[in-house]
Structures are given as C-alpha cells and as structure tokens.
Amino acid sequence: MTERRITRRDTLKAGAALAGAGALEAAHLATFARAWAQSAPWKPEKGAKLQLLRWKRFVQSEEDGFVALVAAFTKATGVPVTVLNESLDDVQPKASVAANTGQGPDIFWGLYSLPHLFPAKCLDVTDVADYLGKKYGGWVDSAVTYGKSGKGWIAIPVGYNGNVINYRRSMVEKAGFKEIPKDTAAFMELMKALKAKSVAGGFALGRASGDGNAWVHWCLWAFGGNLVDAKDKVVINSPETVKALEYAKELSTHFVSGTASWNDAFNNKAFLESQISVTNNGVSIYAAAKANAAKDAKAKEVMDDMDHSLWPVGPAGKPTEFHVAYPMLAMRYTKSPQAAKAFLAFTLEAENYNKWLEAAVAYITHPLNAYDANPVWTSDKKLTVVRDVAKRTLTAGGLGSVGEKAASALADFVILDMFASVCTDRATVKDAISVAERQARRIYR
Amino acid sequence: MTGEHGGWQRLRTNRDWLGFWFMLPAAAFLLAFLVYPLGLGIWLSFTDARIGTPGNFIGLENYEWIVGDAKFQTAVFFTLLYTLVASAFKFAIGLYLALLLNQAMPFKAIIRAVVLIPFIVPTVLSAIAFWWIFDPQFSVITWSLKKLGWIETNINFLGDAWNARWSVIFANVWRGVPFIAISLLAGLQTLPPSLYEAATLDGATRWQMFRYITYPLLTPIIAVVMTFSVLFTFTDFQLIKVLTNGGPAGSTELMATMSYNTAILGSRIGEGSAVSTAMVPFLLAAILFSWFGLQRRKWQQGEGND
C-alpha cells in the first residue's frame with residue numbers, strides 16, 4: 001500500500017481552509033444563537049448561572065464539540081455555564097446525594113435511568129420535550145421511556161452510546177466468514193472458527209458496567225429471557241434464561257483467555273494491539289485507531305481492517321441490543337429553571353446538535369428522528385450501523401420499569417455476575433439463576 | 001454576687017473544670033465526625049432508606065437478608081482471608097525489612113526513603129500499575145516468562161477466582177509493607193543499646209537477642225502497628241475497586257466495596273449500611289485481640305517482668 005506523503009504545504013493549506021471554515025461556522029453559530037435566544041420560549045432568569053455535571057468524555061472531540069456548544073449558549077443568553085466532569089460511575093452517586101440534600105449542580109448528565117432514581121426531584125421538562133419532538137421528527141421509543149415518568153418528562157435523553165460488535169475483517173474472513181452473522185447460531189460458529197483457525201475474540205465478563213452489561217443483556221434477551229416482566233414481577237427463573245446461559249457458556253469457551261477480568265478498557269487495548277478479532281464496544285476503538293493512524297502503522301492497519309456490526313438476533317426473533325442512554329436532567333432545586341430548560345432545548349437544536357454529532361464521530365447517537373440525516377452516518381460507511389442504535393435498543397430493566405429498581409439491578413451486576421459465574425464455572429446454571437432470582441426478588445419487592 | 005454567678009465563676013476558674021473546657025473541642029470534633037456518622041450508619045441499617053427517601057424502621061430485616069445472601073457470604077469470607085493473609089505477610093516482611101534497615105549500612109537514609117515509595121504512591125495509581133501487571137494480554141510477568149520459555153499461555157491473573165484473590169492480596173502486601181517496616185524501625189531505634197551490650201557479654205546468639213530482647217520490647221509497637229494494619233486491610237476499598245471491582249462474579253468482593261456498591265451505586269442505603277455495620281464486630285474483635293492479647297503485659301504497667 002502506498003502512502004501519500006503529507007507535505008508541510010498541504011498541512012498549511014488544510015489548516016487555512018479549516019480556520020476559514022471555522023470562522024464562518026463560528027459567525028454563523030453566533031448569529032443563530034443570538035436569534036435563538038430572542039425567540040426561544042424560555043427566557044433565562046436575570047443573573048442566572050448554571051452548573052452542569054457530566055460524565056468524563058471518552059472521545060476528546062466529543063467533549064470539544066460539547067464545550068463549543070456550551071460557549072455558544074453562554075454567548076447567546078449571557079448565562080455562564082460551569083461544566084464539571086466526573087467519571088461515569090461517580091455521576092449517579094453525586095446526583096443522588098445532590099437530589100437528597102437539595103443542593104449541587106443544576107443539571108446532571110448521566111446514565112440510563114438516572115432521572116428515575118429521584119423523579120420527584122427532577123424539573124418537569126415536558127415543554128422542552130414537546131418542543132423538540134415536534135420540531136425534529138419525534139423521539140425514538142426508548143427516549144420516551146427514559147425521559148418520561150408518569151405523564152410528564154423528567155429528563156431529556158440527549159444521546160445514546162451505541163455498543164456494537166467491533167471486528168477485524170481479515171481475521172473474520174480467515175475464519176471463513178464474510179461478515180458478522182445475523183443470528184446467534186451462526187455467530188457461535190463464527191466465534192468457534194475464529195478461535196480454531198484465526199484469532200479468537202472475546203466479550204468482557206468482569207464487572208465492566210458498559211461492555212459487560214451490554215453483551216450479557218443482549219444474550220439474555222436474545223433467548224427470550226428476562227429479569228422481570230412488564231409488571232416488575234421477577235421471571236428470571238425460566239427455560240429461556242437457561243438457554244441464554246448455556247449459549248454464553250459455550251460461547252465463552254471460544255473467547256481469548258482472561259475475559260473474566262476485563263473491565264471496560266481491557267478489550268480496547270487488546271483490540272488495538274490486534275490480540276483479538278471480535279469484541280463489543282462503542283466506536284471509541286475505531287476513533288483511537290483513527291487518531292493514531294497518521295503516526296502509527298499498527299493503528300492504521302487496525303483502522304483500515306476493522307468494522308462495526310449490529311448484534312445477531314436470537315430465538316426471540318427481534319433485535320435485543322442494550323445501548324447506553326445518556327439522559328440530561330435539571331434539578332427542581334435549581335434557582336434558574338428557565339435557563340436550565342433553555343440549555344436543554346438549545347443543546348438539541350439542529351445548529352448545535354448536528355455539529356456536536358459530527359464532532360463525536362458516532363460516539364453519540366441521536367434520540368430525535370430528524371438527525372438520521374446527519375452526514376456523520378453516511379460520510380464513513382463504518383459508522384453507519386451506529387445510526388440506528390437508539391431505535392433498536394431495549395431499555396434498562398428490559399420489559400419492566402426503567403426506574404430505581406432497574407438501576408439497582410445493574411449496579412449490583414445481577415445479570416452480569418450470573419453470566420460470569422456460569423462462564424467461569426463458579427456456579428451451575430441452576431445455582432447462578434437462583435442467586436440472581438433471590439437478589440432480584442429483593443430489589444423488586 | 002448571686003449564687004448562679006458564683007457557680008459560673010467556679011466553672012470558669014476551677015482547675016478540674018478547666019480540663020473539661022480543654023477537652024471540649026476535641027470531644028465535639030469526635031462527636032460530630034465520628035460518633036454521629038457511625039450512629040447514623042447503624043440507624044440506617046435498621047431502615048429501608050434509599051437515596052432520596054428517609055426510609056422506615058424495619059428492624060433486623062436488612063441483616064436477615066444479607067446473612068442469607070450468597071454474595072455477602074463470599075464477601076465476608078474473602079474480607080477475612082484478605083485481612084489475615086495480607087496482614088501476616090505484611091508483618092513478616094515488614095519486621096524483616098525493619099531489622100535489615102536497622103543495621104549499619106551505606107546509604108542508609110536513601111534506602112530507608114526508597115522503602116517508603118509504595119506507601120507514598122496514591123493507592124489508585126499503584127492499583128493502575130498492578131492493573132497492567134495483571135493484564136490478561138499485556139502482563140509484564142506473562143511476557144517475561146514467555147520470553148524465558150517457561151510458560152506457553154497467558155497467565156489469567158484476575159480472570160480466575162483464586163488467581164484474582166492471590167493477585168489482589170499480593171498488591172495489598174506490596175503496598176502495606178513500608179508502613180509496617182518504617183514503624184517497626186522507629187520502634188527498634190528506641191530500644192536501649194545497653195541491653196544488647198549486656199547480652200553480647202553474656203554470649204547470647206543473634207536469635208536469642210531477637211527472641212529475648214528485641215521481640216518482647218517491640219511488642220507494644222507491634223500491637224499498635226498491627227492493629228492499624230489489620231484495620232486498614234479490613235476496610236480496604238480503592239485497590240479492589242480499581243483492580244477487579246469485586247469481579248470475577250464477586251469472588252474478590254470486600255465488605256467495603258459491597259457496601260459502597262449497594263448503598264451508593266445501587267442506592268439501597270439501608271442494606272449497604274447493614275453491610276458496613278456488619279464490619280464493626282470484626283473490627284472490634286481485632287482491636288480487643290491486640291489490646292488484651294499483646295499489650296497486657298505486666299511490665300508494661302510498671303509491675304516487673306514475669
């Protein structure tokens with residue numbers, strides 16, 4: 001393969017073009033932002049200021065995009081916004097304590113069912129949700145589930161993080177497959193062939209709250225298993241769960257060794273070093289490979305050879321994916337509810353959101369149908385599958401409610417530990433199910 | 001002058017009361033930051049409180065639940081194992097290091113400072129270093145052994161229940177040894193040289209000197225240091241949180257990490273408080289053991305050595 005050498009002149013030209021485009025963009029954004037502030041239904045209180053606590057970014061360009069968006073908001077409305085970053089796991093406890101004590105950041109941006117842990121403490125944002133839904137082609141189903149409590153909206157799900165299958169095309173081909181199979185039976189064959197003839201893959205079985213939960217929930221649901229039914233009654237002890245566990249156990253025999261110790265970062269490292277062929281992750285591996293491709297031949301090889309795929313469908317007969325949802329909520333105690341609402345609405349306006357989506361290079365997927373048209377989904381074919389994750393994902397809690405109980409079950413790793421203990425031979429299928437069942441009964445009592 | 005005024009005057013100037021006034025700030029501090037949180041934690045463990053709701057009194061229900069919970073049982077078992085094994089190793093290695101460092105040798109000050117490094121490095125950082133050392137794909141240990149041709153496959157440090165347990169215990173020992181070594185070294189330096197001179201004149205061997213002079217005189221320090229060490233180990237949190245987060249499947253869960261996961265991440269404060277309150281009896285037992293078992297020597301109370 002020949003590499004086109006990038007000369008200093010090219011770089012200068014590109015830089016100048018970028019800067020020019022950037023200045024134009026910025027000017028356009030400022031005009032839009034000012035006009036928006038004039039016409040928006042939410043007028044920030046006098047002297048309002050906002051503090052926002054978000055999860056610490058995984059992709060730098062996403063954060064840069066978000067910072068630009070925040071700056072534009074401040075410019076348009078005169079409301080200063082302080083952004084605090086916390087690691088993903090720490091957002092929920094901080095938000096819970098803030099909700100409990102009635103003081104802290106005005107806006108929290110967290111995971112899954114965060115607003116449903118304290119629905120009474122969240123600012124009602126029904127007007128914001130209606131405004132955005134009407135303007136941008138409606139909310140996807142899962143966004144309605146995550147955003148609404150009872151009749152009103154208590155949060156705005158501003159994005160999703162697709163957790164998809166990452167694979168190396170060459171390694172999959174070497175195992176005799178063209179692409180990731182569409183059903184669970186063929187997927188088993190692929191993993192088996194990969195280990196036997198090519199490079200093995202693997203999914204996290206350690207307490208990886210992102211990747212681990214994503215794949216075991218997919219597996220449980222793919223076979224029709226569920227922790228609870230629509231009425232929050234515990235139904236984990238079922239023949240479907242047994243089938244899911246048996247499938248996972250067999251699948252795990254084809255994994256690379258050590259996946260039981262993987263947290264969310266291990267598979268990224270292993271994939272980038274070409275140690276594994278298939279794993280599940282966000283698009284951050286691809287982003288990392290791309291970022292280093294210019295100066296690292298190995299990273300370039302990974303970037304060129306890898307691709308993403310949606311998950312195979314199991315006997316349940318429909319997609320059973322579990323993607324991360326990122327709801328943003330404002331606390332009822334905020335002194336500037338109008339400013340907070342204005343910020344939530346501003347974030348999802350096309351002029352801001354489209355740019356942010358592009359900056360996040362598919363790390364964030366939109367909750368509003370109109371953003372299917374964003375060029376990020378078509379400019380790079382390897383990212384196209386991530387466009388649909390918000391529409392395909394099931395919600396935390398599965399068939400059941402999306403609230404505190406679902407969050408508790410996730411935090412306690414009820415499902416993940418059940419799978420891990422079976423796959424690592426620490427418990428029989430029957431024992432693992434009864435441990436999970438007992439825990440779930442307690443959580444869902 | 002009224003009687004009450006006189007009473008106040010006495011409270012202000014009486015020497016016995018003066019002691020009380022001096023104690024008051026410290027007592028208030030202990031009450032506010034120690035007794036109150038502990039009491040609140042114990043109270044919460046008898047309620048069904050969740051984050052955001054005060055909860056109702058439910059008696060021993062939380063305790064009944066955790067006692068029957070397989071994950072709690074595993075956590076108690078591993079917490080005890082972790083504490084006992086790690087403390088024993090830390091004591092043996094720490095004492096050995098202290099004796100070594102107490103010898104005259106070149107660059108003594110620098111070597112003593114170097115020994116402290118594992119203790120100085122923030123736990124989370126050393127945990128991340130161990131995270132790489134124990135990595136299933138990129139472990140430096142696996143790599144070296146493979147290069148040497150001693151092993152064929154990667155070592156599954158944290159992916160197998162017992163491997164993971166020994167690995168985190170090793171990391172804890174590495175981290176805890178300096179504290180014990182340096183504290184015991186400080187103790188060693190207070191021992192009067194005259195005793196050793198006398199022993200030398202009597203023709204005592206080095207083992208005899210250790211057994212009959214060093215060890216008995218060092219006992220009070222050992223008691224204090226080991227009490228602290230056991231308490232720190234028993235309540236360890238960061239190392240496990242970063243290295244395994246209690247995995248695989250709860251086999252390295254400690255009571256402390258379980259309490260945090262349940263109370264804060266799972267938002268079931270009542271149940272999490274019950275888990276942490278369940279640690280108290282163990283901690284009390286450790287303190288009482290070191291107090292009665294190691295410190296109640298008559299000579300320590302000035303009554304002669306028998």
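At which residue does helix 2 of chain B bend, and by about how many degrees?

**View 1. Helix 2 of chain B in the predicted model.** The bend, about 40°, lies at B:L24, and the proline B:P25 follows within four residues; a bend is the angle between axes fitted to the seven residues ending at a position and the seven starting there. This helix covers residues 15–44 and reaches 41 Å from first to last C-alpha, close to the expected 44 Å (1.5 Å times one less than its number of residues). Helices are DSSP runs of H or I, at least four residues, numbered from the N terminus.

**View 2. The interface of chain A and chain B.** Here 40 residues of chain A are in contact (heavy atoms within 4.5 Å) with 42 residues of chain B. There are 9 salt bridges between the chains, each a side-chain nitrogen of Lys or Arg within 4 Å of a carboxyl oxygen of Asp or Glu. A:R442 and B:E61 meet in a salt bridge, at 2.7 Å from N to O. Helix 3 of chain A gives the most to the side that touches chain B, with 7 residues.

**View 3. Confidence along chain A.** The mean pLDDT (the predictor's confidence in each residue, from 0 to 100) of chain A is 89. Over residues 1–8 of chain A, pLDDT stays under 50. Where pLDDT is low, the predicted coordinates should not be read in detail.

Residues are numbered from 1 along each chain as written, and chains are lettered from A and ligands numbered from 1 in the order written. Local features need pLDDT of at least 70, side-chain atom pairs count only at pLDDT 80 or more, and totals for chains, interfaces and linings use all residues; side-chain values use heavy atoms, without hydrogens and water.

Technical notes:
Helix = DSSP H or I, 4+ residues; strand = E, 2+ residues; numbered from the N terminus.
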